[in-house]
Amino acid sequence: MTSAQQLLRSQRDSLLNWTCEHPAPLLRWLRDAEVLSSAHYLSLLESSSSNAVAQALETVCATEESSQKFLQVLRDVQDYYCRDLQVWVERHCMNDTDSKPKPAPEKVEEKKPKSSLVKLFKGKNRGFTVTAEVTGKEELKPGRTAKFSNTRVSISAHKTTLLKRTEQLKCYSEGEGVASNSASHIEIRYTDLFVTEDYDLMDSSQHEYFDLASRRARIYVHQACQRIRPSHLLSPQGTSARPVKRVKVKGIAGIGKSVAVQRLVYEWAIGKNMREFTCVFDLRFRELNLIEAPVSLLELLGDRFRYLKAILTDLLTSPSSLLFILDGLDEFKFPLNWDSPDKDIDVGLKVPVSELMVALIKGSLLPEASLILTTRPSTEAPKRFFQRCCVVLGFEEDQVKEYTTKFYKDSSIAGKVYDYILNNDNLFVLSFIPLYCYIICTAMAEFFSSGPQDPDDSKSLELNPPRTVSEVYFCYLFTAVKHHALRGSAERSTPRSEVLSLAKQQLTNLGKLAYENLLKKKIMFTRANLESYGVKPADVQSTFLCHILQPLKEETVEMFSFFHLTVQEHLAALYCAISLSSQEDIIQALDFWCFGVQPSSSTAVPLQNIDLNMDKLESLQMFTRFFMGMLRARLAGQLDGLVLQPMEQENSIPARLGLWFHDQFKNRKLENQTALNLLHCLMEFHMEEATSIVAPEIKRLNLFKMKLSVVDCAAMHYVLQFSPHKLQELNLGYSNIGNRGLNRLGPILHRCESLFLRYNCLDRQAAILESTVLKSNHCQVKKLFMCGNNLGPEGVLELWNALEHNNTVEELYLDITGITERGTENIVNCLSKNTALKTLTIVGNDIGEVGRKRLKQLEQCRPGLRIITNFADDLGLLQAYLDWVDEIQADRDQMESVKNADALQSVLKGLQVAGKVEKEENAEKATELQTKILELLKSSPGLTEGR
């Protein structure tokens, strides 16, 4: 008998010819069968198709075992290939080479018509092959055989088409440097995303980036947070064995929603995921915008998937085996009426496409079908229509490292770039957004090249890698311009100003388009829109614009957009920075962008004929940060070659801007987000002359309940470090800054007279840092609030030690901080020597009987120290906690922070430990507090889950 090895060697040329046109299914199944190693598989994906198959066959033919596995894989993937290969498989692979007995033939005629399609396609591991026994003994009717054959052929064509469309990830970088990594196969470049359940209520007026930062700020290791792999979106929830039918996935632009969907479709098409579905229909709302006339679902799918037209009616009779993926609801131009009564719509009824989509999403049309919907947060579909709602939070730290490693072919460069990102707070936070990560990696390629460094390159690029967000974006833009402007030129050290001057007109026109439409919140443009600004659509593919603009071609309609909102914001800021040439213009512009004050006398083009609704001001916050960064670049001469006219009184601009910021903090009652944005603007401007004027005026900073990222903490630190005075109050309660954020603030904490750090996901490391602050000879802290942080016994021991010689702290609040009996071991010894502390609150901690005895002993040693250990001892404390419970009920974010610390359970336990309360008024308040907490726990089951 011919061995599998001999068979494959003799038929090598034929097999190569049949599979080389599209080797992906064969290679992937060989890898999963462990015939190819993962490393070998990825290297083959980077080879040409014929070379990849040839190398795979060479590996396979090395042993008889791998040759037999290859024949089995060929049976599994035969439907992806031509009829000649399928005939060859029937001839050579249908008899099991391992001589195992064949299973009894299936009785096809006994299957119900409705389930036959599902059964047929669930048998992918049998290669969708009708065996000789089935065709010979069961005598299927000719029509039935043709129907199965047609379905199989159509679905195979569908899968092959989807594979070819989804196996490549778009890569915007086309330059000649390291950044233009050619490895764009989805298996090579795709990095999994951090997806979790979505419990939040969206504030759609907030900039998407800030909303994401708020969400990420709440994700710390001691917060219960379910991570969902995109491939498991439809998996059963909890203990339920029933799969999820309808899923909504939301996330900001650039977070990776569409790429995740692309990966899902790819995995189904290659036969490795969601195999319970006979067919997957992926529809993009961008395409659905083209449908003006009423249409039926049958007609829509038939036009979109022409090769399925003949079998669509049969497919739709078994909806439970179908999955619809609807991508980009936020791009849909037609209004959606979610509250309209359900209509009796069937698959053949023609209705407006908006009604069709609402019926499909709500489940009034094909309720048994499964559906995944993606959207940006600003466009909501009501949660009541979905069994699972998820939010995409981008990458985690490990995934940033993975992405960086995949981006660069040189592992040493990848390591340097990742380390640089990790040690730069601005870049670190940005990198969690996949598209930002791409921009950062592209920008960094010039600075971490593996080749010899040309000293003349400093004329073209700065020697130091970018630090701020605006520097990263400008570096990305300059890299794109440089590669295209100097294509074919040997003079890589051309000065920066000469490079920019080559693209001056294009960048000016593009910036004006970006700016004027940003004010209108317009992000999609027609060919006519571009041409009206002097931007040639033909240049989009052939010039640096390919890095900036994204063409969206759908049949007869052609639209363009900046490939990310922040790219539009950055170009708008660049345009304003080169167009505004006087101090007065800059001041009027900032008044307008930050506070909606209309310019009065400016003749500058960006301030002419403009209008802005006050409710749109928050959407300009990232733009204003970019503007300050670009203004700094102009003052430093980095925009020479672009500027339209010289800057008036250039040397005095930093001082004048310093006075403007000073006036805002002094004379305006700033909203929290506005105050924080001004701090970020100062950090992007990064000029000490301006910041040192502003910082002394900031005497109080209240960012209570704002979810702050480490970059926000970096902005606070950057500005406040220039103040020579103490800060009367820094309130960061419920801001979830975590240890990393607190570390960033470390150098200024000793100057905060009242420091509020309640419920900030802090632990023992934070207590160690705060202890260092308290030990400082320059410490000015008088009130310290650390409630609701899991400091633990080891952490508070550090605090007691620090307080032994501290002479500034008068009030210390350590409610619900995880103090145990061990945490009181050194309290008597340390605090008996302290003469400054007047109030110590440690309610909600299980210090045990020994701990309570130690506190009594401390009271005897320090009669001037008031120690509150029981909630019922202090009427004011009871009222404060009653108000706190009311706040929790009204605020989902605060509820999450409270859940982190098991705070409500701690309060209940503290009330129980207190026992009988002697004072009647205190007893009534204690009973009221206990009742309210029990009611809250009953109405919010998630709060009882603990850490």
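This passage describes the overall make-up, a sheet, two helices, the salt bridges and two backbone outliers of a predicted model.

The protein contains 42 helices and 17 strands. Of its 947 residues, 58% count as buried. Among contacts with a separation of 6 or more, 77% join residues 24 or more positions apart. The exposed area is about 40100 Å². Carbon and sulfur atoms supply 49% of that area.

An open sheet of 7 strands is found, with mixed pairing. Its strand order is 2-1-7-3-6-5-4. Strand 2 (227–228) and strand 4 stand at the edges. Each has a single partner strand, so one side of each is left without a neighbour in the sheet. Strand 3 (residues 246–250) and strand 6 (residues 370–375) run parallel and are joined by 5 bridges. Within this pair, Lys 248 stands opposite Leu 373 of strand 6. Helix 15 (residues 297–304) packs on the sheet. The helix touches strand 4 and strand 5 (322–327). Its direction makes about 90° with that of strand 4.

Two helices illustrate how buried residues are arranged. In helix 2 (residues 12–19), the residues Leu 15, Leu 16, Trp 18 and Thr 19 are buried. They cover an arc of only 165° around the axis, which puts them on the same side of helix 2. The exposed residues Asp 13 and Asn 17 sit on the face of helix 2 turned away from the buried side. The buried residues of helix 2 pack against helix 1 (4–10), helix 3 (24–32) and helix 5 (49–60). They also pack against helix 6 (64–77) and helix 7 (83–92).

In helix 18 (residues 397–407), the buried residues are Gln 399, Val 400, Tyr 403, Thr 404 and Phe 407. Viewed down the axis of helix 18, these residues fall within an arc of 140°, so they line one face of the helix. Their cover includes helix 11 (186–189), helix 19 (411–422) and helix 21 (434–444).

A search of the whole structure finds 37 salt bridges. One of them pairs Glu 299 with Lys 350. Their closest N and O atoms are 3.7 Å apart. Glu 299 lies in helix 15, whereas Lys 350 lies in the loop between strand 5 and helix 17 (353–362), so the pair ties together parts that are 51 residues apart in sequence. Glu 299 is partly exposed, at 31% relative accessibility. Lys 350 is exposed, with a relative accessible area of 51%.

A further salt bridge joins the side chains of Asp 425 and Arg 744, at 2.2 Å from N to O. Asp 425 belongs to helix 20 (residues 425–430) and Arg 744 to helix 34 (residues 738–745), so parts that are 319 residues apart in sequence are tied together. Asp 425 counts as buried, at 13% relative accessibility. Arg 744 counts as partly exposed, at 27%.

Glu 804 forms a salt bridge with Lys 833. The closest N and O atoms of this pair are 3.1 Å apart. The two residues link distant parts of the chain, 29 residues apart. Glu 804 is in the loop between helix 36 (792–803) and strand 15 (811–813). Lys 833 is in the loop between helix 37 (827–831) and strand 16 (839–841). Glu 804 is buried, with a relative accessible area of 15%. Lys 833 is partly exposed, with a relative accessible area of 46%. Elsewhere, salt bridges that share partners form one network. Its members are Arg 28, Arg 31, Asp 32, Glu 187, Arg 263, Glu 267 and Lys 272.

Backbone geometry was also examined. Most residues other than glycine have a negative phi. Met 274 has a positive phi, near 50°. Met 274 is placed in the loop between helix 13 (257–269) and strand 4 (279–284). This residue is buried, with a relative accessible area of 6%. Tyr 759 has a positive phi of about 50°, although it is not a glycine. Tyr 759 lies in the loop between strand 13 (752–756) and helix 35 (764–775). Its relative accessible area is 5%, and Tyr 759 is buried.

Key
Residues numbered from 1 in each chain as written. Predicted model: local features only at pLDDT ≥ 70, side-chain atom pairs only at ≥ 80, totals over all residues. Heavy atoms only, no water. Helix = DSSP H or I, 4+ residues; strand = E, 2+ residues; numbered from the N terminus. Buried < 20%, exposed > 50% of the residue type's maximum accessible area, 1.4 Å probe, protein only. Pairing = 2+ DSSP bridges. Contact = heavy atoms within 4.5 Å. Axes fitted to C-alpha atoms, helices over the stretch in contact; angles between N-to-C directions. Arc of directions from axis to C-beta. Areas by Shrake-Rupley, 256 points an atom, 1.4 Å probe, with all protein chains shown as cover. Salt bridge = Lys/Arg side-chain N within 4 Å of Asp/Glu carboxyl O.
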